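Have the structure open and ready to rotate. We'll go through some backbone oddities, then the overall build, and then a few helix pairs.

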Amino acid sequence: MSLGPVMLDVVGTALTADDIRRLQHPLVGGVILFARNFVDCEQLKALTASIHAVRQPPLLIAVDHEGGRVQRFREGFTKIPPMREFGHIWDESPKRARELATEAGFVLAAELRAHGIDFSFTPVLDMDYGDSLVIGNRAFHRDPQAINELAFSLMQGLKKGGMAAVGKHFPGHGFVVADSHVSIPIDEREFDQIAQNDMQPFRQMIDEGLAAIMPAHVIYPKVDDKPAGFSSKWLQKVLRERLGFNGVIFSDDLSMEGATVGGDVTTRSLAALNAGCDMVLLCNKPDLADELLNNLVWKMPAQSTARLARMHGAHHPQSMTQLREGNAYVDAVKRVAMVGKKEGDLFA
């Protein structure tokens, strides 16, 4: 059974009968984990192993594990700093910032892969305008060049750890104040202004081999009256055709308030898929997940199947014990732990 176009969550720290029933549905292709799914490292490894055992090829397992306030697993994992910290270092020493971002990506990926997770939804490529309620210090910088250099470095570290990168939130969520989890943000700027600023990190990262992108639940009315994740103008005309992107497009969570303009859960999922998403996310609503799996009719394009297959984690993950026996990992953890401390201590 090939991977389907829907990514769901699971209820708790071990699979229930209802979880297994949903995950065996042919429309499902992935699972996203949250903090509630984590007790400790051994439990997490057992959970991911049980998810991967549900079917073949194994479902993709993802998590929002960016660093800072968006890090789902804490105990037993290295504390990854918010990405803005690397931006502060870049202002003083771009070379040092790039090195540290690479090491942070490696640590992040290696630890998640050691627990059976295929990829994280990172990095944030949004510009830090200083006003967004939801982006804030998740963004690297205001300068598109700084964002690109640091995000590319992080992507190289992720790759070293066995993980693909997912850039978000296309074409840019940093300008609007509103949080799309709880409202429907509207960005009134002209296309050219967005293209010359916010889209630049996406353009550069696509040229450098970015594997996947997540669009924003933001409406840009000068371009389209639909949020970017439901807009074929944004996803097909701009992202695929103009920017030449051929990786995976993941929708943002369709249970978020910013997605409700798309109608009921089946209607909004179809809208996202028809607009150009390869996989749609539906989180924290088991009743809506059942409704979607009962009602959605979708024939998976061969291109989407091939793109999603490339998101499986690379090479067999080492255990945490094996990682800790390697100097590269141990040294990287030490340096990442110093980010945000006094600059003179960074490479002490």
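Histidine 169 sits in strand β7, which covers residues 166-170. Keep in mind that what you're looking at is a predicted model. The peptide bond leading into that histidine, from lysine 168, is cis, with omega near 5°. Another cis bond runs from glutamine 56 to proline 57, and its omega is near -10°. Proline 57 isn't in a strand, though: look for it in the loop that links α2 (41-52) to β3 (60-63). Why stop at these spots? Because most peptide bonds are trans, and most residues other than glycine have a negative phi. That second point brings us to asparagine 284, which is not a glycine and still has a positive phi of about 65°. You'll find asparagine 284 in the loop between β10 (279-282) and α10 (286-295).

Now zoom out. How many helices and strands does the protein have? There are 13 helices and 10 strands. The radius of gyration comes to 19 Å, close to the 20 Å that the globule rule gives for 348 residues, so the protein is as compact as a globular protein of that length. Taken along the principal axes, the C-alpha atoms fill a box of roughly 60 × 50 × 30 Å.

How far can you lean on the model? The mean pLDDT is 91, and 93% of the residues reach 70 or more. A stretch to treat with care is residues 343-348, where pLDDT stays under 50. For that stretch the model has 14 contacts beyond four places in sequence.

On to the helix pairs. Two packed helices are described by the angle between their axes and the distance between the axes, so those are the values to look for in each case.

Start with α3 (residues 84-92) and α4 (residues 94-114), whose axes come within 6 Å and cross at roughly 155°. Anything over 145 degrees counts as roughly antiparallel, and that is therefore how α3 and α4 lie to each other. On the α3 side, the contact is made by Phe86, Ile89, Trp90 and Glu92; α4 brings Pro94, Arg96, Ala97, Leu100, Ala101 and Ala104. Sorted by class, that contact has 8 nonpolar residues, 2 charged ones and no polar ones.

α3 also meets α5, with axes that come within 10 Å and cross at roughly 115°. That makes α3 roughly perpendicular to α5, and the crossing is right-handed. Phe86, Gly87 and Trp90 of α3 make the contact with Ala146, Glu149 and Leu150 of α5. The class count here is 4 nonpolar, 1 polar and 1 charged. Phe86 and Trp90 may look familiar, as they are also listed in the contact of α3 with α4.

Finally, follow α5 (residues 144-160) over to α7 (residues 199-207). The axes of this pair come within 9 Å and cross at roughly 40°. α5 and α7 are therefore oblique to each other, and their crossing is right-handed. From α5, the contact takes in Pro144, Gln145, Ile147, Asn148, Ala151, Phe152 and Met155; from α7, Gln200, Pro201, Gln204 and Met205. Which classes do these residues fall into? The contact of α5 with α7 has 7 nonpolar and 4 polar residues, and no charged ones.

Terms used. Residues numbered from 1 in each chain as written. Predicted model: local features only at pLDDT ≥ 70, side-chain atom pairs only at ≥ 80, totals over all residues. Heavy atoms only, no water. pLDDT = per-residue confidence, 0-100. Contact = heavy atoms within 4.5 Å. Axes fitted to C-alpha atoms, helices over the stretch in contact; angles between N-to-C directions. Helix = DSSP H or I, 4+ residues; strand = E, 2+ residues; numbered from the N terminus. Parallel < 35°, antiparallel > 145°, perpendicular 65-115°, else oblique. Left-handed = near helix turned anticlockwise from the far one by under 90°. Nonpolar A, V, L, I, M, F, W, Y, C, P; charged D, E, K, R; others polar. Rg over C-alpha atoms; globule rule 2.2 N^0.38 Å.
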